[in-house]
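Hi,

Here is the structure I promised to pass on. Have a look at it first, and then read my notes underneath.

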Amino acid sequence: MRKTGVIVFLILVLLFSVAASGCTGGGGGITKTSNRESEEEYTETESSGGVTSATWETPWNAYNPIRINGEDYYITYIKYKFTIKTPEGEQSYQVEKRRGYIKTHVYAEENGQKKDLGEFNLFAYYGKITPIEGPENATFEYIIAVKERTNDTDEYFLQPLPNFALLGTGSAVMAEVRSGSGYFYWSNPPAVGQYSELPYTEGSLEDVMNAIGPYIFNGWMAMMGSAAWTGLEGRDLMRKDEYTFSFMGLSYHYKISPDGSVELDDKSFRVSEVEWSYSFGGVNMEGKAEIAPSLPVPVETEGNFVDLSSGTKVYSKLKIEDIKLEKTFGGIDVKIEKPTSAGETEESETETDSGTETQTESQISENWERSWDASEPIKIGDSSYILRGVTYDVRYKTPEGEVHYTMKRGYNKTDDGYVIYAIVKMDDGSTYRFTVYVSPGTIGEYTSGVLWTPSVLQLIESGSPEKVVITGPSCSYTYDESSGEMSGDFSCGAEIRESPFDQIWDLDNGFAGGIYGDVVEVNSLTENGEGYTVQKDGTVAYSGMKFDAYVIEWSGSLLGAIPANGKTAVVPELPIPIEIEASLSGLSGGSLYFHVTLKDVELVRSS
C-alpha cells in the first residue's frame with residue numbers, strides 16, 4: 001500500500017488532461033536609413049527608466065515600456081514574416097500579434113450545460129499565424145484573455161508562437177482557438193474569483209494544435225534556445241566591435257557594425273548589424289541580426305540555429321513587417337466565433353491594503369508557516385500546546401456532481417504506541433473509519449503533515465504503519481505490515497480515498513493548500529507578493545481562544561501545468577489552514593472545486 005509522488009503526478013495528469021477574423025495593420029511598416037560609418041553614442045531613444053542606453057538589456061520582454069523622447073510606449077501590435085527550414089522542408093508564415101482590452105462573456109459548466117456568468121472587461125492577446133509558403137497548413141488564430149496584464153502574461157507576446165503558456169497558469173480567463181476545421185474554446189470562471197463555478201469547454205485543444213504542424217515550434221525553439229543571444233546582452237551595440245564569447249564549451253565570434261536607423265510607426269530607431277559564427281558538431285554555424293537596442297525584438301534576423309537541449313539545427317529568418325507603438329493599452333476589436341467587443345482601458349491598480357496596520361511582522365506568530373507540521377508543541381501566547389485532533393467540513397464538486405462530508409482526524413496514545421484515525425461521516429448517514437497503528441518512534445512521520453491534511457489516502461499510505469484498518473457500514477479491510485497479510489474488502493472506503501479531491505493532497509508532489517510553494521510561495525501576512533494578496537479578516541475562535549484570521553487570495557499553477565485559483569485562510573498561531581476554497585481547472589473538462597473548513601481543533605497543554 002505504498003505510493004510515490006510520481007503516482008500522484010500521473011493521477012493529476014490523467015484527471016486534468018492538461019495540454020500544453022483578421023485584424024487591421026499597425027503603424028505603416030518600416031523605413032531604413034543606412035549609415036555604417038556612424039559610431040556616435042545612441043541618444044535618440046532611451047531604455048525603460050529614462051536612462052540613455054545602447055545595450056540590448058531585455059530581449060523579447062514585452063512588459064517594460066519603450067522610452068522614446070522622454071515618453072513611454074508599448075508595442076500593441078506586431079507583424080512578422082517568419083521562415084523555418086529543416087531537413088524535412090521549408091515553411092514561411094505571416095505572424096500577427098495584438099494586445100489590449102476586450103469585453104467578453106465568461107461561462108461555466110453546470111449539469112452538462114453552459115451557464116452565462118455575464119460580461120467581463122479583460123486584457124486579451126490575439127494572434128494569427130498564416131502559412132504563406134511551403135506545405136499546406138491552415139491559418140491558426142487564437143485569443144487568450146486574462147484578468148490583468150502582468151510580466152508573466154506578456155512573456156510570449158513578442159514571440160511568433162501562440163501565448164499558450166498562459167493556459168497552464170491561473171491567469172487565463174478565456175481561450176479560443178481555430179485552425180481549419182478545428183476549434184477549441186475554454187472559459188475559466190475561477191480566474192475572475194468565481195471559484196465554485198466549473199470551467200466550460202468546447203472542442204479539443206489537441207486537434208487545433210496538431211493542425212498547425214511542428215515547423216514553427218521547432219524553428220522558434222532552436223532560435224530562442226541559441227546562446228547567440230546571450231553573448232549580446234549588455235553590449236554597446238552602437239560602437240563597432242569584434243569579440244569572442246564562450247558558453248557551454250562553444251566559442252561565439254561577434255562583429256558589431258552600427259548601421260544607421262529604421263523608422264517604425266513613424267518613430268526613428270538607431271540600429272546596428274550584428275554578425276556571429278560558431279562551430280557545433282563539426283559544422284560551422286552563422287547568423288546575423290539587425291537590432292535596435294531600445295526595442296526588445298530584432299528588426300530582422302536570420303541564420304543557422306541550434307537548440308542545445310535537443311541538438312536540433314534549423315535555418316530561421318524573422319523580419320518585422322509592421323508594428324504599432326502606443327502610450328496606453330486601449331480596446332481592441334478581435335473575434336473568432338464567440339462574440340467580443342472592444343474593452344475599456346483600466347487604471348493602474350494600486351497595491352491592495354493588507355489590513356495589517358495594527359501588527360508588524362515581528363508581532364505575528366510564525367506557526368502558520370509550518371505547513372501542516374504539528375510534530376512539535378505550538379506556542380500560543382505564554383503557553384505551549386500539542387495538536388491532538390481536528391474536524392473538517394469538506395465539500396467538492398466535479399462535472400460528475402457534488403459531494404459533502406465531515407472528517408474528524410487525530411491520534412491517541414496506547415500502551416505500545418499510537419492509534420491514528422480519520423472518521424468520515426457522509427451526508428447519507430454512512431460512516432467510515434480509517435485507523436493506523438504506529439510505534440512510538442514513528443508518530444512524528446504523521447504529526448509532521450499527513451495526519452492533518454484532509455486526505456485518507458495520504459494517511460493510510462504514508463509513514464511506517466504497523467497495521468491499517470478500514471471499516472464502513474457493511475465492509476472492512478485490514479492490512480498487517482509485519483506479516484504482509486491482508487483480509488477483508490480492499491475496496492472498503494474507496495469512494496473517499498479514490499476520489500479526485502482526496503488524491504490531490506501530497507505535501508511534496510501535489511496540493512498542499514495553495515500557499516506553501518505548491519501554487520505560490522507566501523512568506524508574509526503583512527504584505528502582498530507574487531501571485532497573491534493578503535487581507536486581515538476578523539477573528540475566529542478555537543479551543544476557547546480567539547485568533548486573528550488572514551485570507552490569502554492566490555493564483556498560479558499546480559505542478560507547473562494545472563491552472564489553480566483560490567483563497568486560503570490562516571491564523572498565525574496554528575500550523576494548519578482554517579479554510580481553503582480552491583479550483584483546479586483542467587483544459588479538457590477534468591476540473592475540481594473544493595471548499596474545506598476547519599470546524600474544531602483539539603489542543604492539549606504540553607507538560
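What volume does the largest cavity have? It comes to about 40 Å³. Bear in mind as you read that this is a predicted model, so please take everything below as computed from that prediction.

To stay with the cavity for a moment: its lining is made up of Asn61, Ala62, Asn64, Pro65, Ile66, Tyr73, Tyr74, Ile75, Arg99 and Pro296. Sorted by class, that gives seven nonpolar, two polar and one charged residues. Strand β4 (residues 71–86) is the element that gives the most to the lining, with three residues.

Pro296 turns up again with Pro59, which sits in the loop between β2 (45–46) and β3 (66–68). Leaving out neighbours within four places in sequence, Pro59 is in contact with Glu233 and Pro296. There is also a long-range pairing here: Pro59 and Pro298 are 239 residues apart in sequence, yet their C-alpha atoms are 8.2 Å apart in space. Is Pro59 buried or exposed? Its relative accessibility is 17%, so Pro59 counts as buried, the cut-off being under 20%.

Now for the overall picture. The protein has 607 residues, and buried ones make up 53% of them. I count seven helices and 30 strands. The accessible surface comes to about 25,300 Å², with 44% of that belonging to carbon and sulfur atoms.

The cores are where I would look next. The largest nonpolar core has 78 residues, and Trp452, Phe511, Trp554 and Phe594 are the ones with the most contacts inside it. Strand β27 (residues 545–558) gives the most to this core, with eight residues. Apart from it lies another core, of 73 residues, including Ile78, Leu237, Phe269 and Val306.

Phe511 is a good place to start in the largest core. Beyond its neighbours within four places in sequence, Phe511 is in contact with Trp554 and Phe594, and also with Ile504, Trp505, Asp506, Asp518, Val519, Leu558, Ile580 and Ala582.

Trp452 leads on to Gly410, which is in strand β20 (residues 401–414). Gly410 touches Trp452 and Leu451, along with Arg388, Gly389, Val419, Ile420 and Tyr421, again not counting residues up to four places away in sequence. How accessible is Gly410? Its relative accessibility is 0%, so Gly410 counts as buried. The C-alpha atoms of Gly410 and Val601 are separated by 9.7 Å, although the two residues are 191 apart along the chain.

Ser316 also has a relative accessible area of 0% and is buried. You will find Ser316 in strand β16 (residues 312–326). With neighbours within four places set aside, its contacts are Phe82, Thr83, Ile84, Gly219, Met223, Thr301, Glu302, Gly303 and Phe305.

Two other buried positions caught my eye. Leu457 belongs to helix α5 (residues 456–461) and is buried at a relative accessible area of 10%. Outside the four places on either side in sequence, Leu457 touches Arg497, Asp502 and Gln503. Of these, Asp502 is 45 residues away in sequence, with a C-alpha to C-alpha distance of 6.6 Å from Leu457. Thr398, in strand β19 (residues 383–398), has 12% relative accessibility and so counts as buried. Not counting neighbours within four places, Thr398 is in contact with Leu198, Pro500, Ser591 and Leu592.

Finally, a couple of backbone oddities to check. Which residues other than glycine have a positive phi? Ser543 is one of them, with phi of about 50°, and Leu559 is another, with phi near 60°. Ser543 is in the loop between β26 (532–542) and β27, while Leu559 is in the loop between β27 and β28 (562–570). As for accessibility, Ser543 is partly exposed, with a relative accessible area of 33%, and Leu559 counts as partly exposed at 31%.

Best wishes

Note on methods. Residues numbered from 1 in each chain as written. Predicted model: local features only at pLDDT ≥ 70, side-chain atom pairs only at ≥ 80, totals over all residues. Heavy atoms only, no water. Core = buried A, V, L, I, M, F, W, Y, C linked by side-chain atoms within 4.5 Å. Buried < 20%, exposed > 50% of the residue type's maximum accessible area, 1.4 Å probe, protein only. Helix = DSSP H or I, 4+ residues; strand = E, 2+ residues; numbered from the N terminus. Contact = heavy atoms within 4.5 Å. Areas by Shrake-Rupley, 256 points an atom, 1.4 Å probe, with all protein chains shown as cover. 1 Å grid on protein atoms, 1.4 Å probe; cavity = no way out; pocket = protein on both sides within 12 Å on 5 of 7 lines; lining within 4 Å. Points joined across faces, edges and corners; volume = space filled by probe spheres on them. Nonpolar A, V, L, I, M, F, W, Y, C, P; charged D, E, K, R; others polar.
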